[in-house]
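Student: Before we look at the model, could we go through how each label is justified by its value?
Tutor: Yes, let us take the pocket first and the ligand afterwards.

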Amino acid sequence: MKTLRLGLAGFGTVGSGLAKILHENREIIVSRTGREIAITTVLVRDAARKRAVPIGAEARFTTNPDDLLGEDIDVVVELMGGVDAARSLITRALESGKHVVTANKHLLALHGPELFALAASKGLGLFYEASVAGGIPIVQTLRESLGANRIERLTGILNGTANYILSEMTTNHLDFGTALKQAQDLGYAEADPMLDIEGFDTAHKLVVLIRLAYGRDFPLGKLPVRGITQVSGQDIQFAREFGYRIKLLAQAREVDGKIEASVQPTLVKHTYLLARVGGNYNAVRVEGNAVGPIMLHGQGAGGAPTGSAVMADIMALCRGLNAPCASFDNTGFGNTPLPPADILPKGEGVSMHYFRFSVTDKPGVLASIAHTMAEHDISIAQAVQKGEHQSSDVPIVFLTHKARQSAVDEIIRIIDGLSVTLRPTVHFPIL
Ligand code: NAP
Ligand code: HSE
């Protein structure tokens, strides 16, 4: 059978990881797909730069995107990242009748519906396993393996960089900046690491997963997002004392037909599997109404794990193309446009909470905070005050029972306005 010819856009961490897998595992890939697969052209910014990973004698580097759109390419594999250039390339590739594989969650979160509609109108595959949770096969799992389930709840650690930083701060007491630098050196971080640490990369991935799980389009701008820059070593330590770890969690669930979703640092009981997910690892817990809870765990970032997911998409396309009558369902909902999600208003969410108040150490302060909380129906489960004798600034930490988000927002507004409050209150939900 004819060789499947790949036009690769991007030869960085993931692109070179993919080339390495294709080279090292060629025999097994051919035996599973019945076809040779070869990279013929590689689009980069700097075609003259020497590369550590070889691409094969028959392949060439280019800086011209048009070179991926000719007759000699069957599948365009977009691994360059960013939004505008990637959107233009993928659109042109689909318009030229080429199947596309991408790892670009940022692009899919913003422009997925338009690209899926274009792919469907052309009967082409637009596959994106590597866009969420690196090497973990969560896209295939939601689109196919759990296709018979109503998904009740989805909880994930979806960013390897953020998880690496939190793990290093917790276990090795590294400071934030050093841990971030290490994650960048290891190839986990986005070109703009703010996407990782401010929670946006996790948000992009959650939007992609919500489509697959609920068949609804959740606009990125409506998703509440908080990153890990607000998580201090002090909060990690307090959480530990209460038996919790702090993780950057993506959560979505259906409540009376409405979808409640968020990305935020969250306290997770140390005995839960999610609390034990360390380093660049990700995990996704899915509760289906038939299958019950399942959990997938694996490396969420890095060239080899992500390259493995990209290669799986290329092989799935290859198998589809080998079939007598190829058809590609890219969203798991038959390629029809997805309706917008009915979104649960943020204030209506209910959760347990962690609060750290920074206040002046004088009589009555703790009582007045507790009183404000009681007035708003927030019940305290555990408390600790670490005051030194005559210290002017003490942290007071409360863990609460379940409380409505609107009440939480209101008491923070009140307490942050008190003259005894020295710094803005820190608060995180508890899983
Ligand atoms: P990277 O290491 O920064 O590599 C990007 C590659 O794309 C480089 O080869 C670069 O060329 C090329 N490139 C960038 N912009 C270009 C443009 N406008 N025109 C032509 N070439 C361009 O990025 P990466 O970490 O491999 O990530 C690639 C994609 O995979 C992103 O969408 C990312 O979000 C996603 N992803 C990454 C990981 C991970 O662990 N790193 C995991 C999952 C998904 P030069 O080499 O000449 O600079
Ligand atoms: N920057 C991303 C992360 C890459 O750290 O998870 C994988 O999507």
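Student: Which strand gives the most to the lining of the second largest pocket, and with how many residues?
Tutor: In this predicted model, the strand in question is β9, with seven residues in that lining. Two or more lining residues also come from each of β8 (244-255), β12 (350-359), α13 (405-416) and β16 (421-430).

Student: What makes Glu260 and Val350 part of the lining of the second largest pocket?
Tutor: A lining residue has an atom within 4 Å of a pocket point, and Glu260 and Val350 are among the 31 residues that line this pocket, both being listed with those nearest its centre. The pocket has a volume of about 630 Å³.

Student: From which domains does the lining draw at least three residues each?
Tutor: Those domains are domain 2 (140-299) and domain 3 (346-430).

Student: Why is the pair between lysine 105 and ligand 1 called a polar contact?
Tutor: The cut-off for a pair of N or O atoms is 3.5 Å, and an N or O atom in the side chain of lysine 105 is 2.9 Å from an oxygen atom of ligand 1, so the pair qualifies. By the same cut-off, the backbone of arginine 45, with an N or O atom 3.0 Å from a ligand oxygen, also makes a polar contact. Of the 900 Å² of accessible area that ligand 1 has on its own, the protein covers 84%.

Student: How is the shell around ligand 1 divided by residue class?
Tutor: The shell holds ten nonpolar, eight polar and six charged residues.

Notes
Residues numbered from 1 in each chain as written. Chains lettered and ligands numbered in written order. Predicted model: local features only at pLDDT ≥ 70, side-chain atom pairs only at ≥ 80, totals over all residues. Heavy atoms only, no water. Polar contact = N/O pair within 3.5 Å; in protein donor to acceptor, adjacent residues only side chain to side chain. Areas by Shrake-Rupley, 256 points an atom, 1.4 Å probe, with all protein chains shown as cover. Nonpolar A, V, L, I, M, F, W, Y, C, P; charged D, E, K, R; others polar. 1 Å grid on protein atoms, 1.4 Å probe; cavity = no way out; pocket = protein on both sides within 12 Å on 5 of 7 lines; lining within 4 Å. Points joined across faces, edges and corners; volume = space filled by probe spheres on them. Helix = DSSP H or I, 4+ residues; strand = E, 2+ residues; numbered from the N terminus. Domains from an automatic or database assignment.
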